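Please open the model in your viewer and switch to a ribbon drawing, so that single stretches can be selected one after another as you read.

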Amino acid sequence: MDIKPGIYSHYKTGNQYQVHFVAKHSETLEDVVVYEALYNNEKSKYWVRPAKMFEEIVEFNGQMVPRFKFIK
């Protein structure tokens, strides 16, 4: 796993997120990514996602792309 703090963009929307850190789930000890929406998101500003899912390669418009791409 090589998820470092910084700005990432989401493959589908292009929206940007600030990854703050990777934490552990208290019950499963699974790695989860703690990140913040850098745009006005009415549902929530802060999010967590399993690191395994954050790092996934997904199909989009016939191409395999990272779910979140590191920007800076």
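Begin by selecting strand S1, residues 6-10, in this predicted model. Buried here means under 20% relative accessible area, and five of the five residues of S1 are buried, so this strand is largely enclosed by the rest of the structure.

Keep S1 selected and add strand S2, residues 16-24, which runs antiparallel to S1 and is joined to it by four bridges. To see one of these pairings, pick Tyr8, whose bridge partner in S2 is Tyr17. The two strands form a hairpin with five residues between them, and in the turn you can click on Gly14, which has a positive phi of about 80°.

Now look at the pairing of S1 with strand S7, where three bridges join the two strands, again in the antiparallel sense. Select His10 and you will find that it stands opposite Phe68 in S7.

Next, select strand S3, residues 31-37, which pairs with S4 in the antiparallel sense over five bridges. Within this pair, Val32 stands opposite Pro50 in S4.

Finally, show the strands together: in which order do the five strands of the open sheet follow one another? The order is S4-S3-S2-S1-S7, and the pairing is antiparallel. Strand S4 (46-50) and strand S7 (68-70) stand at the edges, and because each has a single partner strand, one side of each is left without a neighbour in the sheet. As you turn the view, follow the twist, which averages 40° from one strand to the next.

Note on methods:
Residues are numbered from 1 along each chain as its sequence is written. This is a predicted model: local features need pLDDT of at least 70, side-chain atom pairs count only at pLDDT 80 or more; totals for chains, interfaces and linings use all residues. Side-chain values use heavy atoms; hydrogens and water are left out. Two strands pair if DSSP finds at least two bridges between them. Axes are lines fitted to C-alpha atoms, for helices over the stretch in contact, and angles run from 0 to 180 degrees between N-to-C directions. Buried means under 20% relative accessible area, exposed over 50%, partly exposed in between (1.4 Å probe, protein chains only).
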